[in-house]
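The exercises below work through one structure step by step, and each task is followed by its solution. Please keep the sequence and the model in view while reading.

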Amino acid sequence: MTGVQKGTVRTWTVVMMCAVVVIVPGVSATRWTVGAKMGWTTNVNYTIWAQDKHFYNGDWLFFVYDRNQMNVLEVNKTDYETCNSDHPLHNWTTGAGRDVIPLNVTRHYYIISGKGFCYGGMKLAIRVENLPPPPTSSALNEKSSSPSLTSRSKIVLPMVFAIGAVWDTFRRFWY
């Protein structure tokens, strides 16, 4: 292998390692299926569904519903409270009955279904927050001597895959 090829491999390896460092924090995003197994439909209390959940910047709301009848509209607080779908802030309906709302701004989100379904309970209000800062080392020492397996797996598993991808790329350039 020539010096130029070795330099290219080293540069590529450094770039990949930097990409891993940037990508790993995004692993914690959650895709919430609104209404869980029931989906986006009538006769579900979405206030109760959302009450024990924390929605963070970077998460996603996933709506599954009957595309021929319902829709997904983002409205202001007043329109949410009155079920007014005449002037939505955003119509997230794509026509597939499988719509996603990225929660990429820290604020309140007010979602309703128009066509009268809001009156049947198809409305969701959530507050999106920034992720809390990681605990300090002293806080970890007070709780336990090591992080839990689940918190480790959120970082370790993606790192293992990333290192494997870098190694595979390195081997392809090397041989």
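**Exercise 1. Find what L61 touches, and place this residue in a core.**

Counting contacts as heavy atoms within 4.5 Å, and leaving out residues up to four places away in sequence, one finds that L61 touches W32, V34, F55, D99, V100, I101, L103, L124 and I126. Before going further, note that this is a predicted model, in which local features need pLDDT of at least 70 and side-chain atom pairs count only at pLDDT 80 or more, while totals for chains, interfaces and linings use all residues. Residues are numbered from 1 along each chain as its sequence is written, and side-chain values use heavy atoms, with hydrogens and water left out.

The next step needs two terms: a nonpolar core is a set of buried Ala, Val, Leu, Ile, Met, Phe, Trp, Tyr and Cys residues joined through side-chain atoms within 4.5 Å, and buried means under 20% relative accessible area, with exposed over 50% and partly exposed in between, for a 1.4 Å probe and protein chains only. The largest such core has 23 residues, and L61 is listed with W40, F55, F63, L124 and I126 as having the most contacts inside it. Two or more residues come from each of α2 (46-50), β3 (59-64), β6 (98-103), β7 (108-112) and β8 (123-129), where helices (H or I, at least four residues) and strands (E, at least two) are DSSP runs numbered from the N terminus. A second, separate core has 7 residues, including L73, V75, C83 and I112. In soluble globular proteins, nonpolar side chains tend to be buried together.

**Exercise 2. Work out the order of the strands in the open sheet, and how they pair.**

Strands pair if DSSP finds at least two bridges between them. The open sheet has 3 strands in the order β1-β3-β6, with mixed pairing, and its edge strands, each pairing on one side only, are β1 (31-33) and β6. On one side, β1 and β3 pair in the parallel sense over 3 bridges, and W32 stands opposite L61 in β3. On the other, β3 and β6 are antiparallel over 6 bridges, with F63 opposite D99 in β6.

**Exercise 3. Follow the side chains along β8, then name its partner strands.**

The side chains alternate: L124, I126 and V128 point to one face and are buried, whereas K123, A125, R127 and E129 point to the other and are not. One partner is β2 (residues 55-56), which pairs with β8 in the parallel sense over 2 bridges, F55 standing opposite V128. Another is β7, joined to β8 by 5 bridges and running antiparallel to it; here Y109 has I126 as its bridge partner.

**Exercise 4. Classify two aromatic pairs.**

Rings of Phe, Tyr and Trp (its six-membered ring) pair if their centres lie within 6.5 Å, and planes under 30 degrees apart count as stacked, over 60 as edge-to-face and the rest as tilted. The structure holds 5 aromatic pairs. The rings of W40 and F63 have centres 5.0 Å apart and planes at 85°, so this pair is edge-to-face. It links distant parts of the chain, W40 in the loop between β1 and α2 and F63 in strand β3, 23 residues apart. For W49 and F55 the centres are 6.1 Å apart and the planes at 45°, so this pair is tilted. Finally, W32, W49 and F55 form one aromatic cluster.
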